[in-house]
Amino acid sequence: ETEVLSFFSQTLSYPKTGVATLKKTVYPNKKEVTALDYIAKTYDYYGKMFNHYSFDGEGKSDIKLFIDVNNIEVNNTKQSLQNNAVYFSNANYDKEMIAIGKCGFNCESIYQLEVLAHEYTHGVFNHIVTATNDEEASALTEAYADIFGLLIKNYYYGGEFDWNISNFRDLSNLGSDFVTNYQEPLVEDSHKNSTIFSTAFYKIY
């Protein structure tokens, strides 16, 4: 753990039965309980639907969750994580984690099932495909993370399908900031480019 990730840590260990066993049982506040519940729901969804346990699919990798992080260090550079969440791993997968930043005005938006499921899906895909810095590949991984985030949210909540990724994106009603048709060059934002693919999912669902 780096200093910037030392504010709060929680390690979950799951057996292949899909039932969570928590190494700690006392949580400081509602945010931690909410985040852990959403990670557990996502874990169970992947296990039940795809027989895929934890990030690696074998149930061998611990899922580490960090709460109220100010910054995260990537390639020796500190990046602000305020009002955001991220999946992070190094090349050896021995520092694999989901980190949730400090959230002043945007806390409710971050602590949503589809947001945590989105980040969890990045961890799953990180073990399935080789990560590249290619903008098209990055956009595809963001699209898949959105799609599975929505599938997981709607699997648990039911009712009419909700296309909102919290208040970040609504696949049924995207604003002009998002790209819905392939164009070259792509904009330098994989989240905005991701909607080329996720819009197709919305149209055929």
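The following exchange covers confidence, core and helix packing in a predicted model.

Residues are numbered from 1 along each chain as its sequence is written, and side-chain values use heavy atoms, with hydrogens and water left out. In this predicted model, local features need pLDDT of at least 70 and side-chain atom pairs count only at pLDDT 80 or more, while totals for chains, interfaces and linings use all residues.

Student: In which element of the protein chain is confidence highest?

Tutor: pLDDT is the predictor's confidence in each residue, from 0 to 100, and the chain mean is 79. Over residues 1-27 the pLDDT is below 50. Strand β2 (residues 21-22) has the lowest confidence, a mean of 40, and the highest, at 94, belongs to α3.

Student: Which residues touch the most other members of the largest nonpolar core?

Tutor: Such a core is a set of buried (under 20% relative accessible area, 1.4 Å probe, protein chains only) Ala, Val, Leu, Ile, Met, Phe, Trp, Tyr and Cys residues joined through side-chain atoms within 4.5 Å. This one has 29 residues, and those touching the most other members are Leu 65, Ile 98, Ile 100, Tyr 111 and Tyr 120.

Student: Are α1 and α4 roughly parallel or roughly perpendicular?

Tutor: Their axes, lines fitted to C-alpha atoms over the stretch in contact, lie 10 Å apart at an angle of about 95°. The contact (heavy atoms within 4.5 Å) includes Tyr 38 of α1 and Phe 148 of α4. Angles of 65 to 115 degrees count as roughly perpendicular. α1 and α4 are therefore roughly perpendicular.

Methods
Buried means under 20% relative accessible area, exposed over 50%, partly exposed in between (1.4 Å probe, protein chains only). Helices (H or I, at least four residues) and strands (E, at least two) are DSSP runs, numbered from the N terminus. Axes are lines fitted to C-alpha atoms, for helices over the stretch in contact, and angles run from 0 to 180 degrees between N-to-C directions. Angles under 35 degrees count as roughly parallel, over 145 as roughly antiparallel, 65 to 115 as roughly perpendicular and the rest as oblique.
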